[in-house]
Amino acid sequence: MNFTKLQSLGWSNFFLQQLDFEQLDNPDIQVLRISAIHRDVIKALGESDDADNVVEQTVLCPLEYRPVSQFIAVGDWVVAQKTNEHYKIVNILESQNRIERLSNQQRQLICANLDYLFIVTSANDEFNQKRLQRYLALAYEFDITPVVILSKIDESEDFYIYLDQIKKTNVDLVYAINSFDAETLKPLSDFLLPANSIAFVGSSGVGKSTLVNQLFAETLFDGIMSDEFKPMKTADIRDDDKKGKHTTTHRELLINKSGVIFIDTPGMRELQLLNAQQGIEFTFVDIVDFAQSCKFKNCSHQNEKGCAILTALQSGELDVEHYNNYKKLLKEEAFNQRQELGAYAENQYQKELHMMYKQHKR
Ligand SMILES: Nc1nc2c(ncn2[C@@H]2O[C@H](COP(=O)(O)OP(=O)(O)OP(=O)(O)O)[C@@H](O)[C@H]2O)c(=O)[nH]1
Ligand SMILES: [Mg+2]
Ligand SMILES: [Zn+2]
């Protein structure tokens, strides 16, 4: 196995130590980083045979890792074995982090092994502070530094209103941009380091792909532009409600000439959190702080004497809507977790039934 070019893809010792000797010795085994997941096709990047370049190839996925969206994420590292023309996934390496959500009542992986999560939200009617808090909870839960990007500031007379709302959430890195004005993008260069993996998430139409294209080209920073660069597709949003048309339909990982790794994702209709209780608490750390001053450790904040939350709500120190949103997210999260467990049990049951049926037929 060759590793010289893998570092540029984000490879590190963390992954290397997961390989066993047999795999390291086998010339037909390669490690690859998943770069795109389409409906029927999975692509991955790895070292080419001449080790001169990084190449993208189609990989085959065994049945045990299907449905793919529940087992493999763009950004994952996999061990693959060459069989005839193709590589087939043998196993998936443990990731440094992986974000997931609940979609159609099923766990869905979004992407993996990230350094930053760029949460894009636009300075128009699309903006929604509560939704932003969901995205922040997602980042915190999976231990990825969130960066909030307020896009389309050129379209708003008073984008400071949105910035004020963002600043009320628990996030430090906030940038206001117009993707078509290079000056506003310059501060983002702090994140554009070789082998850094940055995923772009947010609703449809907020300008994720537009921003990926602009940062990818990097003409702003040092004048280099990749020859083979095919820009991500973008499209106008609807005039009436400012919603996007779901232009990007799959997750895709791209590496620019400076070695920065970008993952563009399709706009999410809604973000249902799953297994994200700690992320929610971190997002609402102000509320958790109040709760620590409650007289009773197991305070339910309903009617107890000496409840710091109730006192703060009464005095207005804690905003009622903010508190309700926190409770709503926690409740929904608990519900989703039960649902998912239920779906898992149902799945197992169906599998067992199927096995029994097969045995019976024999
Ligand atoms: N004025 C202005 N328009 C922008 C900006 N960023 C993106 N747009 C426009 O917004 C529209 C949607 O942009 P996309 O990049 O396709 O949005 P997206 O987030 O990738 O959307 P999906 O792929 O559907 O999730 C396009 O018409 C862009 O030209 C910006 O900063 N300012
Ligand atoms: Mg897009
Ligand atoms: Zn209390």
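The largest pocket of this predicted model lies between domain 1 (6-92) and domain 2 (98-264), because both of them give residues to its lining. Besides that pocket, there are two metal sites to look at, one with a zinc ion (ligand 3) and one with a magnesium ion (ligand 2). A search of the whole structure also turns up one cavity of 30 Å³ or more.

**The pocket between the domains**

- The largest pocket holds about 940 Å³ of space.
- Three elements give two or more residues each to its lining: α3 (68-71), β6 (98-103) and β7 (106-112).
- If you want to pick one element to start with, try β7, which gives the most to this lining, with five residues.
- In total, 31 residues line the largest pocket, and those nearest its centre are Ser69, Arg101, Ser103, Gln108 and Arg251.
- Sorted by class, that lining comes out as 15 polar, ten nonpolar and six charged residues.

**The zinc site**

- The zinc ion (ligand 3) is held by protein donors from Cys294 (SG), Cys299 (SG), His301 (ND1) and Cys307 (SG), at 2.1 to 2.4 Å.
- Angles among the four donor atoms run from 105 to 117°, and the site is tetrahedral.
- Along the chain, the donor residues follow the spacing C-x4-C-x1-H-x5-C.
- Cys294 counts as buried because its relative accessible area is 5%, and the cut-off for buried is under 20%.

**The magnesium site**

- For the magnesium ion (ligand 2), the protein donors are Ser209 (OG) and Thr248 (OG1), which sit 2.0 to 2.1 Å from the ion.
- Ser209 belongs to helix α7 (residues 208-217), while Thr248 is in the loop between α8 (219-222) and β12 (251-255), so the pair ties together parts that are 39 residues apart in sequence.
- Ser209 is buried, at 8% relative accessibility.
- Thr248 is buried too, with a relative accessible area of 12%.

**The cavity**

- The largest cavity contains about 50 Å³ of space.
- Its lining is made up of Ile119, Val120, Thr121, Glu126, Asn128, Arg131, Leu132, Tyr135, Gly202 and Ser203.
- Two elements, β8 (116-122) and α4 (129-141), give two or more residues to that lining.
- By class, the cavity lining has four nonpolar, four polar and two charged residues.

Conventions
Residues are numbered from 1 along each chain as its sequence is written. Chains are lettered from A and ligands numbered from 1 in the order in which they are written. This is a predicted model: local features need pLDDT of at least 70, side-chain atom pairs count only at pLDDT 80 or more; totals for chains, interfaces and linings use all residues. Side-chain values use heavy atoms; hydrogens and water are left out. Donors are N, O and S atoms within 2.8 Å of the metal (3.2 Å for Na, K and Ca); water is not among the atoms, so sites may look incomplete. Four donors count as tetrahedral if all angles lie between 85 and 135 degrees; four count as square planar and six as octahedral if opposite donors are over 155 degrees apart and all others between 65 and 115; anything else is irregular. Buried means under 20% relative accessible area, exposed over 50%, partly exposed in between (1.4 Å probe, protein chains only). On a 1 Å grid over the protein atoms alone, a cavity is a set of points where a 1.4 Å probe fits but cannot get out, and a pocket is an open set with protein on both sides within 12 Å along at least five of seven lines; lining residues have an atom within 4 Å of a point. Grid points are joined across faces, edges and corners, and a volume is the space filled by probe spheres set on the points. Helices (H or I, at least four residues) and strands (E, at least two) are DSSP runs, numbered from the N terminus. Ala, Val, Leu, Ile, Met, Phe, Trp, Tyr, Cys and Pro count as nonpolar, Asp, Glu, Lys and Arg as charged, and the others, Gly among them, as polar. Domain bounds come from an automatic or database domain assignment.
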